[in-house]
Amino acid sequence: MPVYSHSQLSTYEECPLKFKLCYRDKIKRDREGIEAFLGSMVHEALRKCYDDARRSRLNTLDEILAGYDSLWLKNWHDDIIISRKEMAADHYRASGKKMLETYYQRHAPFNRDITLGTEMWVTFSLDEANKYRLRGIIDRLSLTPDGVHHINDYKTSAHLPGQEEVDNDRQLALYQIGVQKKWPDIKDVKLVWHYLAFDRELVSARHPAEKLARLAVDTIKLIDEIEATEEFSPRESLLCDWCEYPDLCPNRKHFFTLEALPANEYLKEPGVVLVNQYAKLREEARKIDEETALVKEALVEYARRAGVTAIRGSDRQVRVKFDEKLKFPGRKEPGRKELDETIMEAGKWQEVSQLDTTALARAIQEELWDIKLIEKVVKHGSLEETSAVYLSKLKDDEK
Ligand code: SF4
């Protein structure tokens, strides 16, 4: 069984296909989002700051900022993606500087606690048999004067989570398990997130110990699910904009291919031609349907007023049939429950009910029934390939 990391687990939860491409197929990509790049540069600057402070060298703010600037320039590459079109690389670079400045002003001379390690690797297992192993990197482990160990995590994100969100965060809680396995004498631990853009510290403590035990059980379950997965399907979300694998994803591949084409060629691309044709026809069909419904209504009204049931045109005629139809409440409409009960009580249910094959297929696919019953029922069905075509508008930044 491979050694998992928190980021592998969350990548699987975000999108199983991305997980497979990245961690199973090990397809490496240079593409990275600027947010991740900014995060690495700020982390590196803070790491240097604390490492030097441990050796009694206090960097000035100017030194830290100059170091950050040179890291930025040295590591910058052309495959960094800026998804928000209104933003430029310099906006991100400046925001990193601002975060470091604010952090420095609040924490210099960095002696509020003792730094035990920066960018510390922890590898540990979740079970006695050593089967479910995890690894991770702690941004900074520190010991406060009152004997509490802090697992510090630096966040450069533009989203400030609420207390409930950090209380349920998996990453640092897993690191706590790792730290306490490595040093069993460590009893008092706090998880501390430094949200640098907001100059805020969020703190969470995982007491009682059962909470961590529960987390270990849930994480083992998730690892079992990943290990048992055979089909790693794509799962679209807002995070797709930052995905490194658009060229290998069935949901994004076509978009990615088109980005490389000049506008005149792009419009001739067979997929684009078909979608445009389909959209045009659907629009025309929608208009025709609307007009047909209006004309149909007018014909009925005409027939009613004129007292006729046949209306002649140039080479066609329309017949209008007036009739009365018995109507019963639909599945979710008021009165339906009582109607069903009346029929059931009379023992007539079989005569008027039909098997809902869609509900049946769902019950089987989602394994809602006992497996023996599913196996029995499934023998009466067969698999057939289906397809569906959905038309929707592109987002503004995709046009
Ligand atoms: S683009 Fe989205 S759906 Fe496709 S692999 Fe990436 S994250 Fe998954």
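**Figure 1. Accessible surface and burial in the predicted model**. The chain exposes about 27,400 Å², of which carbon and sulfur atoms supply 53%. Of its 399 residues, 32% count as buried. Confidence in this predicted model averages a pLDDT of 92 over the chain, and 99% of the residues score at least 70.

**Figure 2. Overall dimensions of the chain**. The fold contains 15 helices and ten strands. The radius of gyration is 31 Å, well over the 21 Å given by the globule rule for 399 residues, so the chain is more spread out than a compact globule. The C-alpha trace spans about 100 × 60 × 40 Å along its principal axes. Among contacts between residues at least 6 apart in sequence, 64% join residues at least 24 apart.

**Figure 3. The largest nonpolar core**. This core has 34 residues, and those with the most contacts inside it are Leu 126, Leu 134, Ile 138, Ile 151 and Ile 177. At least two residues each come from helix 1 (6-14), strand 4 (114-125), strand 5 (133-143), helix 7 (171-182), strand 7 (189-195) and helix 8 (209-228). Helix 8 supplies the largest share, seven residues.

**Figure 4. Surroundings of Leu 126**. Beyond its neighbours within four places in sequence, Leu 126 is in contact with Tyr 132, Leu 134, Leu 174, Ile 177, Lys 181, Ala 216, Thr 219, Ile 220 and Ile 223.

**Figure 5. The second core**. Separate from the largest core, this one has 25 residues, including Phe 37, Leu 61, Tyr 104 and Tyr 154.

**Figure 6. Extremes of confidence**. Mean pLDDT is lowest in helix 10 (residues 263-266), at 80, and highest in strand 6 (residues 149-155), at 97.

Notes:
Residues numbered from 1 in each chain as written. Predicted model: local features only at pLDDT ≥ 70, side-chain atom pairs only at ≥ 80, totals over all residues. Heavy atoms only, no water. pLDDT = per-residue confidence, 0-100. Helix = DSSP H or I, 4+ residues; strand = E, 2+ residues; numbered from the N terminus. Core = buried A, V, L, I, M, F, W, Y, C linked by side-chain atoms within 4.5 Å. Buried < 20%, exposed > 50% of the residue type's maximum accessible area, 1.4 Å probe, protein only. Contact = heavy atoms within 4.5 Å. Rg over C-alpha atoms; globule rule 2.2 N^0.38 Å. Areas by Shrake-Rupley, 256 points an atom, 1.4 Å probe, with all protein chains shown as cover.
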